[in-house]
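Please look over the sequence and the structure below before reading on. The paragraphs that follow go from the overall fold to single residues.

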Amino acid sequence: MKKLIYISLISALAALLSSCDVLNEELVSEVSTDSYYTTPAGFEAAVNASYPPLRNYYGNNVGAYLEEYGTDLIQNAGHGGFHHYNQYTAGLNSEDDIITSHWSISYEAINTTNAAINRAGSIEDIDETTKQTRLGEVHALRAFYYFMLVQHFGAIHLTTEETVGVEIEANRTSPDLVYDQIVSDLETAIDYLPATQQDFGRVTEPAAKMILSHVLLTCLLYTSDAA
């Protein structure tokens, strides 16, 4: 028995030592947005990183609570949380996790799209068609994130520049100017995007047109309410 245990330990040690040969670490401490986002691979990574924040709204319950509760479409059940979204009690305030996550994650996504758009002009050795397609995607995504924000919060902080340092000031841009930026981004996206999907899950021209139609209809409602 002792001999069997000894052999097993020797075998495990040999396997552990041999596995060290495949641990090839790559130093990435020197990578920065300045050196990476201006490369084709970095630009592609920035565009790809603009998509996952959508999961917070549609993959979790954030979108359902913000859009469905408190309407005549749905009522909360007798168990679970977030009843204040349906009952408009004191729990529905600016410190609620649903609201803060929607706000902060949307602006993180907007900053990523800003970085991709602002740095695209510095990228070399990239196929122009691919570059325009990716630019169309981030323009559409930036428009969509702003569209989700302005519907819930009204006057919001509007910026099309990447945050590269500490910022301690924000603006409250009126909704009509936010909608102007959204429409502009979507029109740019429509010019750049392909009519058919090249890769699963990416924005296409028809998708951007659909979002634009939704935005324009919302603008009509907004202007009629304001009048």
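**A walk through the helices**

Read from one end of the sequence to the other, the protein follows the pattern α-α-α-α-α-α-α-α-α-α, and its secondary structure accordingly comes to 10 helices and 0 strands. What you are looking at is a predicted model, a point to keep in mind throughout. Of the 227 residues in the protein, 37% are buried. Among the contacts between residues at least 6 apart in sequence, 63% join residues at least 24 apart.

A good place to begin is the pair formed by helix H7, which covers residues 97-119, and helix H8, which covers residues 128-153; their axes come within 9 Å and cross at roughly 155 degrees. Because angles over 145 degrees count as roughly antiparallel, H7 is roughly antiparallel to H8. The crossing of these two helices, H7 and H8, is left-handed. On the H7 side, the residues that meet H8 include Ile99, Trp103, Tyr107, Ile110 and Ile117, while on the H8 side the residues that meet H7 include Leu135, Val138, Tyr145, Leu149 and Phe153. Taken together, the residues of this contact between H7 and H8 divide into 15 nonpolar, 6 polar and 1 charged.

Helix H8 also meets helix H3, and here the axes again come within 9 Å, but they cross at roughly 30 degrees. Since angles under 35 degrees count as roughly parallel, H3 is roughly parallel to H8. The crossing of H3 and H8 is left-handed. In this contact Phe43, Glu44 and Val47 of H3 meet Lys131, Arg134, Leu135, Glu137 and Val138 of H8, and the residues involved divide into 4 nonpolar, no polar and 4 charged. Leu135 and Val138 of H8, which take part here, are also among the residues that meet H7.

Which residues have the most contacts inside the largest nonpolar core? This core has 48 residues, and those with the most contacts inside it are Tyr146, Ile182, Leu186 and Val215. The elements that give two or more residues to the core are helix H3 (40-49), helix H5 (62-67), H7, H8, helix H9 (175-192) and helix H10 (205-226). The largest share, 12 residues, comes from H8. To follow one of the core residues in detail, take leucine 186: leaving aside residues up to four places away in sequence, leucine 186 touches Ala140, Ala143, Ala208, Ile211, Leu212 and Val215.

Two further residues show other surroundings. Is serine 94 buried or exposed? With a relative accessible area of 59%, serine 94 is exposed, because exposed means over 50%. Serine 94 lies in the loop between helix H6 (84-87) and H7, and, not counting residues up to four places away in sequence, it touches Ile99 and Thr100. Asparagine 48, by contrast, is found in helix H3, where its relative accessible area of 32% makes it partly exposed. Although asparagine 48 and alanine 116 are 68 residues apart in sequence, they are 9.9 Å apart in space, C-alpha to C-alpha. Alanine 116 is itself one of the H7 residues that meet H8, which brings the reader back to the pair of helices where this account began.

How values were computed. Residues numbered from 1 in each chain as written. Predicted model: local features only at pLDDT ≥ 70, side-chain atom pairs only at ≥ 80, totals over all residues. Heavy atoms only, no water. Axes fitted to C-alpha atoms, helices over the stretch in contact; angles between N-to-C directions. Helix = DSSP H or I, 4+ residues; strand = E, 2+ residues; numbered from the N terminus. Parallel < 35°, antiparallel > 145°, perpendicular 65-115°, else oblique. Left-handed = near helix turned anticlockwise from the far one by under 90°. Contact = heavy atoms within 4.5 Å. Nonpolar A, V, L, I, M, F, W, Y, C, P; charged D, E, K, R; others polar. Core = buried A, V, L, I, M, F, W, Y, C linked by side-chain atoms within 4.5 Å. Buried < 20%, exposed > 50% of the residue type's maximum accessible area, 1.4 Å probe, protein only.
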